[in-house]
Amino acid sequence: MTTPPEREDGGSDSRSEPGLSAIMSERRQLINLAYRLLGSLAEAEDAVQETYVRWYTLSPEQQQAIESPGAWLTRVAGRICLNLLNSARARRENYVGDWLPEPLPEPTEWSGGRAGGTTVDPADRVTLDESIDMAFLVVLESMTPAERVAFILHDVFRYPFAEVADIVGRTPAACRQLASSARRRIRTARSPTPPTGRQAVIVRNFKQAWAAKDIDALIGLLDPDVVATGDGGGLATTVRRPFEDAEQLARGLVDLTARLADLTILERTVNGRPGLVARQDGVIVTVYAFDIAGDRITHIWAVRNPEKLRPWR
């Protein structure tokens, strides 16, 4: 698994714990892993914190006996996340409305890369790639916990199945089957997406049509079978059932801006893709993520649960 990097200064740490700098340098990797496994930055941070707690409960002799601390941390974090995923299924059955992954805060506008919000510690940021966009995370939610862990560890982080098996608690052959099943789910659920630049044009056109209350233009940008899902978690108002019709959705968006005159829509990067945020009274109240196929928007995810928007504020 991950081999902890050497100190850049070539020196030794003065603290009593062995390889402290190498241990702490694994934090970003662990956050990357845990967020993909859990779909929640808050839960990912808690899981990584628990991982480090377990490391520091080891005696110095036990720590010294671990050949690869990075591999040990990854194994422990993976098991913690697997346990959380198993318990999350029960929790989400009692969740008010639809549960969506927590959107990652990005401090830039995708139109010009200008700073727009609080600065995020680079050690805390999740590395963005196609395995982190909202559409991908939503598909991951349809998997069993074991499928999700096996797939993310092997296909995204490139760990061999022998090491995945040690985390999942199954044989390498069983983990290979789990990952294969996960790939089939992704192939079935996802269609090819246009380049990011083209996505940005479509999302900007959508924003402009929305601001102009141009229902016909909105309908022209939406797939006829577009689905819009909102997540308020019982803490913010949202539609009870997803919109599943382009005209219905377009009229609903125009009605929203008519009722909330002080709503400001801004271009922001959401999970590495062009997205939008709605700001009211200076506070971000909704984060919008999009899935696009061809030249049409096929899905819109609107996260309104204020607990999931804390990092954006």
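Q: Which residues does Ala278 touch, not counting residues up to four places away in sequence?
A: This is a predicted model, where local features need pLDDT of at least 70, side-chain atom pairs count only at pLDDT 80 or more, and totals for chains, interfaces and linings use all residues. Residues are numbered from 1 along each chain as its sequence is written, and side-chain values use heavy atoms, with hydrogens and water left out. Touching here means a contact, that is, heavy atoms within 4.5 Å. With residues up to four places away in sequence left out, Ala278 touches Leu263, Thr264, Ile265, Val283, Ile284, Val285, Thr286 and Tyr288.

Q: Is Ala278 buried or exposed?
A: Ala278 lies in strand β3, residues 273–280. Buried means under 20% relative accessible area, exposed over 50%, and partly exposed in between, with a 1.4 Å probe and protein chains only. The relative accessible area of Ala278 is 1%, so this residue is buried.

Q: How far apart in space are Ala278 and Glu267, C-alpha to C-alpha?
A: Along the sequence, Ala278 and Glu267 are 11 residues apart. In space, going C-alpha to C-alpha, the gap between them is 9.1 Å.

Q: How many helices and strands does the protein have?
A: Both kinds of element are DSSP runs numbered from the N terminus: helices are H or I with at least four residues, and strands are E with at least two. Counted that way, the protein comes to 12 helices and five strands.

Q: What share of the contacts between residues at least 6 apart in sequence joins residues at least 24 apart?
A: Let's start with the overall picture: buried residues make up 48% of the 313 residues. Now take the contacts between residues at least 6 apart in sequence; the share joining residues at least 24 apart is 65%.

Q: How many of the 12 residues of α2 are buried?
A: Helix α2 reaches 16 Å from its first C-alpha to its last, close to the 16 Å expected at 1.5 Å a residue. That expected span is 1.5 Å times one less than the number of residues. The buried ones include Leu30, Tyr35 and Arg36. The helix is largely enclosed by the rest of the structure because the buried count is nine of the 12.

Q: Which helices do the buried residues of α2 pack against?
A: Just after α2 comes Gly39, which takes a positive phi of about 70°. As for packing, the partners of the buried residues of α2 are α3, α5, α6 (134–141) and α7 (145–156).

Q: Around the axis of α3, how wide an arc do its buried residues cover?
A: Helix α3 runs over residues 41–56 and reaches 23 Å, close to the 22 Å expected. Its buried residues are Leu41, Ala44, Ala47, Val48, Thr51, Tyr52 and Trp55. They sit on the same side of α3, because the arc they cover around the axis, taken from the directions from the helix axis to the C-beta atoms, is only 135°.

Q: Which exposed residues does the face of α3 turned away from its buried side carry?
A: The buried residues of α3 pack against α1 (20–24), α2 (27–38), α4 (60–65) and α5 (69–93). The face turned away from that buried side carries the exposed residues Asp46 and Gln49.

Q: Which residue caps the N-terminal end of α3?
A: A side-chain oxygen of the capping residue lies 3.5 Å from the backbone nitrogen of Ala42. A polar contact is a pair of N or O atoms within 3.5 Å; within protein, one must be able to donate a hydrogen and the other to accept it, and residues adjacent in sequence count only if both atoms are side-chain atoms. The capping residue is Ser40.

Q: Which backbone nitrogen lies 2.9 Å from a polar atom of the side chain of Asn305?
A: Asn305 sits in the segment after β5 (296–303), and at 3% relative accessibility it counts as buried. Among the residues it touches are Tyr95, Asp231 and Leu235. The backbone nitrogen 2.9 Å from its side chain belongs to Glu307.

Q: What is the phi of Arg158?
A: Arg158 is in the loop between α7 and α8 (161–168), and it counts as exposed at 63% relative accessibility. Although Arg158 is not a glycine, its phi is positive, at about 65°.

Q: How many disulfides are there?
A: A disulfide is a pair of cysteine sulfur atoms within 2.5 Å. Cys81 counts as buried at 0% relative accessibility, and Cys175 is buried at 0% too. By the sulfur rule, the disulfide count is zero.
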